Amino acid sequence: NLRDSTMEKLANKGNGNYAYIDTLEEAHKVLVDQMGGTLVTIAKDVKIQVEFNPAQASAYRLIGYENRLLRREDFNDDKKDAGEIGAGHTVTALYEIVPAGLDQSLSSVDPLKYQKGAQPSVAAESQELLTVKLRYKNPEEDHSKLIEIPVTDHGKKFGEASPDFQFAAAVAAFGMLLRDSEHKGSAT
C-alpha cells in the first residue's frame, strides 16, 4: 500500500529526500551510491523556467512534473520554497514541441476574444529555440542567483541523440503508456 504522494509531500516539507527500497540492489544504490548527493546540498530553492521562441515552436507541452509547477510570478520570489539539488544530482525535463509552421496544436484553449497574442520581440528572429532560466540559492544564502542559457535546435534526428536522452524519452513514453495518456501517440 505504497503512498508515493504522501512520501513526496513529507520530503518536500522537510527539504529532504525519499526512496522506495524493495531490493538489496536498490538499498545499495540509495544508501551507498547516492547518499553523498543526498547529504551535500549544493543549491537550494532551485527553480527552472523555460521560454520558447514562438518563431521556432508554435506549441509545447511539459511531460511530467504536474505536481511541481510554480506560478510564473513565483519564479522571482525568493520566499517561495522549491527543490534542492545535491552533489552529483541531475534534473531532466522533457517537452513535446510542435515546430513553427506546422498546423497542429497541443492546446485545446480557444483563442482570446478581446486581445491578440503578444508581438514577438527582435530576439524571436534568432535561431534560438528556447531560453532556460535557472534560479537558485547557495546553501547558506537567502537571495537567489539567475542563470540564463539560450538553446538552439541543431536539427538532429532522434537516432543521433545521446543514449541518456534516448533512455529518458523511452521512460517518458513508458509512463504515458502506463497512464494511458492521450498524448502517447503511437508508442507501444
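Which residues form one aromatic cluster? Phe52, Tyr60 and Tyr95 do, and they are taken up below together with the surroundings of Ser144 and Arg68. The model is a predicted one, in which local features need pLDDT of at least 70 and side-chain atom pairs count only at pLDDT 80 or more, while totals for chains, interfaces and linings use all residues. Residues are numbered from 1 along each chain as its sequence is written, and side-chain values use heavy atoms, with hydrogens and water left out.

**Aromatic pairs**

A pair of aromatic rings is described by the distance of the centres and the angle of the planes. Rings of Phe, Tyr and Trp (its six-membered ring) pair if their centres lie within 6.5 Å, and planes under 30 degrees apart count as stacked, over 60 as edge-to-face and the rest as tilted. Across the whole structure, a search finds four aromatic pairs, including the two tabulated here.

| Pair | Distance of centres | Angle of planes | Class |
|---|---|---|---|
| Phe52 and Tyr60 | 4.3 Å | 25° | stacked |
| Phe52 and Tyr95 | 5.2 Å | 70° | edge-to-face |

The pair of Phe52 and Tyr95 links distant parts of the chain, since Phe52 lies in strand β1 (residues 41–52) and Tyr95 in strand β4 (residues 94–99), 43 residues apart. Strands (E, at least two residues) are DSSP runs, numbered from the N terminus. Buried means under 20% relative accessible area, exposed over 50%, and partly exposed in between (1.4 Å probe, protein chains only). Phe52 is therefore buried, at 8%, whereas Tyr60 is partly exposed, at 45%, and Tyr95 is partly exposed, at 28%.

**Ser144**

Ser144 is found in the loop between β5 (128–137) and β6 (145–152), and it counts as buried because its relative accessibility is 18%. A polar contact is a pair of N or O atoms within 3.5 Å; within protein, one must be able to donate a hydrogen and the other to accept it, and residues adjacent in sequence count only if both atoms are side-chain atoms. The side chain of Ser144 makes such a contact with the side chain of Asp78 at 2.5 Å and another with the side chain of Arg135 at 2.9 Å. When neighbours within four places in sequence are left aside, Ser144 is in contact (heavy atoms within 4.5 Å) with Asp78, Arg135, Tyr136 and Lys137.

**Arg68**

Arg68 has its place in the loop between β2 (57–63) and β3 (83–86), and at 42% relative accessibility Arg68 counts as partly exposed. Leaving aside neighbours within four places in sequence, Arg68 is in contact with Glu8 and Asn12. The C-alpha atoms of Arg68 and Lys47, which are 21 residues apart along the chain, are separated by 9.9 Å.

Key: Helices (H or I, at least four residues) and strands (E, at least two) are DSSP runs, numbered from the N terminus.
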